[in-house]
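Visitor: I would like to go through this model and ask what stands behind each label.

Guide: Here it is, and then the questions can start.

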2 protein chains.
Amino acid sequence: MNIGEVSKNTGLPAKTIRYYEDIGFVTPARGDNGYRSFSEKDQHKLVFLGRARGLGFSIEDCRTLMALYEDQGRASADVKRVAQKNLSEIDRKIADLQAMRGTLSHLVANCAGDGRPDCPILEDLGRA
Amino acid sequence: MNIGEVSKNTGLPAKTIRYYEDIGFVTPARGDNGYRSFSEKDQHKLVFLGRARGLGFSIEDCRTLMALYEDQGRASADVKRVAQKNLSEIDRKIADLQAMRGTLSHLVANCAGDGRPDCPILEDLGRA
DNA sequence: CTTGACCCTCCCGTGACTGGAACCTTTATG
DNA sequence: CATAAAGGTTCCAGTCACGGGAGGGTCAAG
């Protein structure tokens, strides 16, 4: 398969797939014309990667998960640990964003939003 | 004031303050020795910037907010618009993370996390 | 034979810094 | 007074995960 078809099948942009090759995630064969020639397995790995990335795993996490995926004798505890670490990072990000959201929405609520120059948002930001 | 003191007062790393000078946010005077010499106003701007960044405003947003802050004739509606745009971006990010969190926590909950190789997390990631 | 779709590599840019090297100035101490 | 530590300076490179675009080769259809 050429890169275009793989891109269509996996939903990953061709640029991204080339990038994943650069960083050693897949190593597609090459045809005489220099074109990448992807196997089913390559494509499968890319799907895996796309899904894991979509769930917020970092590339390095993906490397770990992929190694575990390919290791038939792995312990599911190892996978679970990586996933839980990611989960708590997601929780932390959500908490941070919610804190931001709280402060900001409070400020927005108190701002008249009319033509007058008084603005509690700016006042708050400028407070030392 | 030297950069070190400003850093202590504002909580921003010296590196960051130099960066903010690079991108034209502050233009501290220079002493004969070449050291930056910050005024109270410079410091105040940096505090403003630090707080706005902490609320998730981008540098470009901060530029807008700063201009509005320094413009005595501004309309608070302009500020509110920037803040609301930012607020809806935060909401979107929270929603994305919560969707991730939902899928991932479901997977984690279904994973035994023991020494056996069966792992629903990997199974799911590998599904085409 | 040409057109257009597809593919290739290579390099630069993103946002918002952070780290480090190499060097200079000020301040504290023996 | 010499020296060492602390703090300042510039500049270059790296981060993360790609995206844009130049400049060119290849392939299938009409």
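Visitor: What makes Arg53(B) a polar contact of DNA strand C?

Guide: The model is predicted. In it, an N or O atom in the side chain of Arg53(B) is 2.8 Å from a phosphate oxygen of DNA strand C. The cut-off for such a pair is 3.5 Å, so the pair counts as a polar contact.

Visitor: How do you know that Thr16(B) has a polar contact with a phosphate oxygen of DNA strand C?

Guide: A polar side-chain atom of Thr16(B) lies 2.7 Å from that phosphate oxygen. The limit is 3.5 Å, and therefore the pair qualifies.

Visitor: Why is Ile59(B) listed with a phosphate oxygen of DNA strand C?

Guide: The atom concerned is a backbone N or O atom of Ile59(B), and it lies 3.5 Å from the phosphate oxygen. The rule asks for N or O atoms within 3.5 Å, so the pair is listed as a polar contact.

Visitor: Which residues come nearest to DNA strand C?

Guide: Of the 19 residues around DNA strand C, the nearest are Gly4(A), Arg36(A), Lys15(B), Thr16(B) and Tyr20(B). Of the strand's atoms that come within 4 Å of the protein, 70% belong to sugar and phosphate. The largest share of this surface, four residues, comes from α2(B). By class, the residues are seven nonpolar, six polar and six charged.

Visitor: Which residues come nearest to DNA strand D?

Guide: Around DNA strand D there are 19 residues, of which Lys15(A), Thr16(A), Tyr20(A), Gly4(B) and Arg36(B) come nearest. Sugar and phosphate make up 69% of the atoms of DNA strand D within 4 Å of the protein. Here α2(A) gives the most, with four residues.

Visitor: What makes Asn33(A), Arg53(A) and Arg30(B) polar contacts of DNA strand D?

Guide: In Asn33(A), a side-chain N or O atom is 3.2 Å from a phosphate oxygen of the strand. For Arg53(A) the distance is 3.0 Å, and for a polar side-chain atom of Arg30(B) it is 3.2 Å. Each value is set against 3.5 Å, so each pair counts as a polar contact.

Visitor: Why is the pair Arg101(B) and Asp91(A) called a salt bridge?

Guide: The side chains of Arg101(B) and Asp91(A) meet at 2.5 Å, N to O. A salt bridge needs an Arg or Lys nitrogen within 4 Å of a carboxyl oxygen of Asp or Glu, so this pair fits. Across the interface of chain B and chain A the rule finds three salt bridges and eleven residue pairs in polar contact.

Visitor: Which helix of chain B supplies the largest share of the side that touches chain A?

Guide: That is α5(B), with 21 residues. By class, this side of chain B has 28 nonpolar, 13 polar and eleven charged residues.

Visitor: How much area do chain B and chain A bury between them?

Guide: They bury about 4500 Å², and 71% of it is on carbon and sulfur atoms. Leu104(B), Leu122(B) and Leu125(B) supply 15% of the area that chain B buries against chain A, more than any other three residues. In terms of contacts, 52 residues of chain B meet 53 residues of chain A.

Terms used:
Residues numbered from 1 in each chain as written. Chains lettered and ligands numbered in written order. Predicted model: local features only at pLDDT ≥ 70, side-chain atom pairs only at ≥ 80, totals over all residues. Heavy atoms only, no water. Contact = heavy atoms within 4.5 Å. Buried area = accessible area lost by both parts, 1.4 Å probe. Polar contact = N/O pair within 3.5 Å; in protein donor to acceptor, adjacent residues only side chain to side chain. Helix = DSSP H or I, 4+ residues; strand = E, 2+ residues; numbered from the N terminus. Nonpolar A, V, L, I, M, F, W, Y, C, P; charged D, E, K, R; others polar. Near = heavy atom within 4 Å.
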